[in-house]
Amino acid sequence: MKIITQTGREELAIVYLAELESGDAIEFVESLQPPFAREKKWVLIVSTLIGCPANCPICDAGGFYKGRISKNDIFAQIDYLIDKRFPSRRVNVDKFKIQFARMGEPAFNPAVIDVLCELQSRYHAPGLMPCISTVAPVKTGAFFKRLMEVNHCIYRGRFQLQFSIHTTDDRLRDRFIPINKWDLKTIGQYGERFFVAGGRKIALNFALEKNAPVNADILREYFDPEIFLIKITPINPTYRAVENQMLSYVEPDRPERYRTLVDSLQRAGYEVILSIGELDENHIGSNCGQLVSNHMRQKQALAGAYSQAKT
């Protein structure tokens, strides 16, 4: 793997663009959460596919797909970042999160499981917490079976599993995630088997669109608040969100818009996390759904995004 360029800021986030031996371009990210120092929290976000066949209308990583990234090339991304910051591979970070979420739906790549099986022995990282964020595609049962084994046998609850739901309206959910996927009942049943008592709760992610309902009664029907929590995020500024007229319901300076929803979910018994993040990451292009290499191909700037990214 050869690093082509990088963009961003040391104290916040850096996006790395790289070329694989196959000639395909990928990118990966490291980020901090101010005011925490790297030794307190460090997040790596790596790619698992070259493009993504899910083609979600809010994600700049969709729209093309050229295949899976091998186990060695997933590790090459992680190795590069760890060797840069902790050359001894002793990662003494209180919360060291590795997310398989930059380019590609991870459930489409069995090599992700192989990486998860080796992570703990490859590095000395007592704060390690892997994270899978998935839309739960159908016909990926073998992946999720192995993922559950990895959680139960290796990480024993020190694993963050997130399902991207976005809305409780089935028709709109088909628009936001335009592939065959598990229904809410199937996700709920899998989560109950996946969960380890005393371990991390499973997150239901909602990148809230202006017209997308979230019904607490429907959630309670399938998701036990003792096992699942709710994570609400904005739709980050991406070219595809603009193209598909997807408007974010969550705006950092207008908390009154989603306060009622948060209150209803909390009354239903759920822990609710508002994950708005650093707005400067939008300008770097490191936030979820963004892809700097896509920005570099565009002929027009995007308001509120990528202004600090190289072109």
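Gln99 is a good place to start, and it sits in strand S7. Please keep in mind as you look around that this is a predicted model.

**Gln99 and its surroundings**

Is Gln99 buried or exposed? Its relative accessibility is 14%, and buried means under 20%, so Gln99 counts as buried. Once neighbours within four places in sequence are set aside, Gln99 is in contact with Val43, Leu44, Ile45, Val46 and Cys131. Take Val43 as an example: 56 residues separate Gln99 from Val43 in sequence, while their C-alpha atoms are 7.4 Å apart in space. Strand S4 covers residues 41-45, and strand S8 covers residues 128-134.

**The sheet**

S7 belongs to an open sheet of ten strands with mixed pairing. If you trace the sheet from one side to the other, the order is S1-S2-S3-S4-S7-S8-S9-S10-S11-S12. Which strands stand at the edges? They are strand S1 (2-9) and strand S12 (272-274); each has a single partner strand, so one side of each is left without a neighbour in the sheet. On average, and ignoring direction, neighbouring strands of this sheet are turned by 20° against each other.

One pairing can be followed residue by residue. Strand S10 (residues 202-207) runs parallel to strand S11 (residues 228-233), and the two are paired over six bridges. Within this pair, Asn205 has Lys231 in S11 as its bridge partner.

**Two helices beside the sheet**

Helix H1 (residues 71-85) lies across five strands, namely S1, S2 (13-19), S3 (25-31), S4 (41-45) and S7 (95-99). H1 runs at about 40° to S3.

Helix H2 (residues 111-122) has twelve residues. From its first C-alpha to its last, H2 reaches 16 Å, close to the 16 Å expected at 1.5 Å a residue. Which residues of H2 are buried? They are Ala111, Val112, Ile113, Val115, Leu116 and Leu119. The buried residues of H2 pack against H1, S7, strand S8 (128-134) and helix H3 (141-155). H1 and S7 thus come up again here, as partners of H2.

**Residues in the loops**

Several loop residues are worth a look on your screen. The table gathers four of them with their relative accessible areas.

| Residue | Loop | Relative accessible area |
|---|---|---|
| Thr140 | between S8 and H3 | 7%, buried |
| Lys139 | between S8 and H3 | 85%, exposed |
| Gln245 | between H7 (239-243) and H8 (256-267) | 65%, exposed |
| Ser88 | between H1 and S7 | 53%, exposed |

The loop between S8 and H3 holds both Thr140 and Lys139. Thr140 is buried, whereas Lys139 is exposed. Not counting residues up to four places away in sequence, Thr140 touches Ala107 and Phe108.

The backbone has a few details of its own in these loops. Lys139 has a phi near 65°, a positive value in a residue other than glycine. Gln245 likewise has a positive phi, near 55°, and is a residue other than glycine. What is the peptide bond from Pro34 to Pro35 like, cis or trans? It is cis, with omega near 10°. Pro35 is placed in the loop between S3 and S4.

Ser88 offers another link across the sequence. Its C-alpha is 8.9 Å from that of Tyr123, and the two are 35 residues apart in sequence.

**The protein as a whole**

Stepping back, the secondary structure comes to ten helices and twelve strands. The radius of gyration is 18 Å, close to the 19 Å that the globule rule gives for 311 residues, so the protein is as compact as a globular protein of that length. Along the principal axes, the C-alpha atoms fill a box of roughly 50 × 50 × 40 Å.

How much of the protein is made up of buried residues? They account for 55% of the 311 residues. Among contacts with a separation of 6 or more, 72% come from residues 24 or more positions apart. The contact between Gln99 and Val43 spans 56 residues in sequence. As for the outside, the accessible surface comes to about 13800 Å², and carbon and sulfur atoms hold 48% of that surface.

Terms used: Residues are numbered from 1 along each chain as its sequence is written. This is a predicted model: local features need pLDDT of at least 70, side-chain atom pairs count only at pLDDT 80 or more; totals for chains, interfaces and linings use all residues. Side-chain values use heavy atoms; hydrogens and water are left out. Two strands pair if DSSP finds at least two bridges between them. Helices (H or I, at least four residues) and strands (E, at least two) are DSSP runs, numbered from the N terminus. Axes are lines fitted to C-alpha atoms, for helices over the stretch in contact, and angles run from 0 to 180 degrees between N-to-C directions. Contact means heavy atoms within 4.5 Å. Buried means under 20% relative accessible area, exposed over 50%, partly exposed in between (1.4 Å probe, protein chains only). The expected span of a helix is 1.5 Å times one less than its number of residues. The radius of gyration is taken over C-alpha atoms; the globule rule is 2.2 Å times the number of residues to the power 0.38. Accessible areas come from the Shrake-Rupley method with a 1.4 Å probe; for residues, only the protein chains shown count as cover.
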